[in-house]
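Me: I have a model open and would like to understand the labels people attach to it. Could you take me through the reasoning, one label at a time?

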Amino acid sequence: MNIIKYPAREEWAQIVGRPHLDVTQLNQTVAAVLADVKARGDEAVKGYELKFDHVDLETLAVSEAEMAAAEKLVSAELRQAIELAHDNIHKFHESQRFRSKKVETQPGVVCWQKSVAIERVGLYIPGGTAPLFSTVLMLATPAKIAGCSEIVLCTPPDRQGHVNPAILVAARVAGVSKIFKAGGVQAIGAMAFGTETVPKVYKIFGPGNQYVMAAKQQVSLHDVAIDMPAGPSEVCVIADETANPEFVAADLLSQAEHGADSQVVLITTSNKLIDDVQQEVSRQLDRLPRKEIAQRALENSRIILVNDVKEAMDLSNTYAPEHLIIQTEDYETLAERVVNAGSVFLGRYACESAGDYASGTNHTLPTHGWATTYSGVNLDSYCRKVTFQHLTDEGVRNIGHAVELMAEAEQLDAHKNAMTVRLNSINN
């Protein structure tokens with residue numbers, strides 16, 4: 001990891017910058033695949049599954065027999081863990097339900113909102129180097145609570161044409177039954193445009209590699225909404241001299257193993273902690289099966305020594321991390337200063353892994369600095385707010401003239417007239 005000590009504020013923008021790759025060729029490849037899926041539907045999706053996932057599929061849909069078989073392949077202990085996580089995720093997202101309130105803005109003028117579920121949503125679940133069955137729970141659970149009438153799930157199969165059984169069990173626990181064997185760009189295209197087998201959806205959720213992210217952004221321009229723009233995953237740890245070096249190192253490595261392009265940042269007020277954490281990182285890294293991936297991620301990561309915790313928080317807010325872990329003595333005070341972050345973990349025992357799996361919060365979060373403007377996935381992500389208003393004759397008298405004046409000032413005479421005819425009707 002690169003160590004930076006007491007950087008000046010003028011250097012912060014460069015320090016918190018993410019790598020920028022030339023994606024011109026990638027975007028061209030993605031656009032070509034999307035166009036083909038739009039034109040040829042299932043045939044194109046199957047062709048790209050053969051080309052990219054090396055599997056020759058007869059059908060894209062996961063059958064009920066495959067769902068039943070998956071139940072036998074997942075241990076009772078893992079299923080119980082999935083059910084515990086689902087229960088916690090359900091409790092947390094259920095608490096986010098919108099409660100409408102009618103507001104009388106003027107006598108005779110009543111306004112209110114109604115929360116309406118997005119009818120058709122698509123969930124993309126990566127299944128390559130790490131089959132993310134936990135993401136099924138994170139995306140499907142709030143979709144069910146919101147009341148989405150159609151939930152479509154796409155995930156890549158293995159070379160034998162099978163979907164990871166834990167993904168199927170998690171889908172069943174979360175109440176999803178429309179599951180399709182499709183990964184990568186072709187899956188995003190199938191959900192965005194619809195095919196003979198895969199239904200078209202109105203909004204697509206879920207993480208993925210740079211090809212999946214590019215595909216989501218391209219289809220969002222004309223065809224479908226997406227949850228958020230995203231880049232590689234990241235974590236920022238703020239730690240002082242009271243932090244446990246073993247815990248800090250474990251947190252950094254748990255993020256680094258996501259992918260070689262992941263980024264981990266440690267911001268600390270303790271020079272001694274830097275040495276202790278580096279030793280722990282070396283010790284723990286040697287034991288990881290995904291050591292090579294984590295090691296490459298660490299090469300692009302940073303340890304930053306700052307003067308005090310206020311400076312640490314300012315730097316973190318500038319970075320706007322996807323995950324923020326605050327392992328300091330005064331973590332509750334620092335929590336109040338968080339402005340830009342996807343999800344925050346407080347104290348020595350709140351590791352990112354808790355939020356990734358089972359505490360109840362959602363792990364689908366804004367990356368690449370998008371935490372300055374985007375929230376992580378939550379219940380509102382699956383809903384729209386429709387506004388209503390009702391005016392009585394008293395309401396027209398109270399706001400009618402103001403409406404006339406404003407419409408006239410904007411030179412929109414038909415707008416003015418729509419109110420004028422009502423005022424005339426009331427006054428006659």
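Reply: Happy to! Of the 428 residues of the protein, 46% count as buried. Do keep in mind that this is a predicted model. The secondary structure comes to 17 helices and 14 strands.

Me: What makes helix H6 largely enclosed by the rest of the structure?

Reply: The test for a buried residue is a relative accessible area under 20%. In H6, 12 of the 14 residues are buried, so the helix is largely enclosed by the rest of the structure. Among them are Val136, Leu137, Met138 and Leu139, along with Pro142 and Ile145.

Me: How do you know that the span of H6 is close to the one expected?

Reply: The expected span is 1.5 Å times one less than the number of residues. For H6, residues 133–146, that gives 20 Å, and the helix reaches 21 Å from its first C-alpha to its last, so the two values are close. Just after H6 comes Gly147, with a positive phi near 100°.

Me: How many aromatic pairs are there, and why is the pair of Phe205 and Tyr382 called stacked?

Reply: The count comes to five aromatic pairs. Ring centres must lie within 6.5 Å, and planes under 30 degrees apart count as stacked. Phe205 and Tyr382 have their ring centres 4.1 Å apart and their planes at 10°, so this pair is stacked. Phe205 sits in strand E7 and Tyr382 in the loop between helix H15 and strand E14, so the pair ties together parts 177 residues apart in sequence.

Me: Are those two residues buried or exposed?

Reply: Buried means under 20%. Phe205 has 0% relative accessibility, so Phe205 counts as buried. Tyr382 is also at 0%, and therefore buried.

Me: Why is the pair of Phe247 and Tyr349 called tilted?

Reply: Planes under 30 degrees apart would be stacked and those over 60 edge-to-face, with the rest tilted. Phe247 and Tyr349 have 55° between their planes, and their centres are 6.1 Å apart, so the pair is tilted. This pair links distant parts of the chain, with Phe247 in helix H10 and Tyr349 in the loop between strand E13 and H15, 102 residues apart.

Me: What makes Phe247 partly exposed and Tyr349 exposed?

Reply: Exposed means over 50%, and partly exposed lies between that and the 20% limit for buried. Phe247 has 26% relative accessibility, so Phe247 counts as partly exposed. Tyr349 is at 67%, so Tyr349 counts as exposed.

Terms used:
Residues numbered from 1 in each chain as written. Predicted model: local features only at pLDDT ≥ 70, side-chain atom pairs only at ≥ 80, totals over all residues. Heavy atoms only, no water. Helix = DSSP H or I, 4+ residues; strand = E, 2+ residues; numbered from the N terminus. Buried < 20%, exposed > 50% of the residue type's maximum accessible area, 1.4 Å probe, protein only. Phe/Tyr/Trp six-rings, centres within 6.5 Å; stacked < 30°, edge-to-face > 60°.
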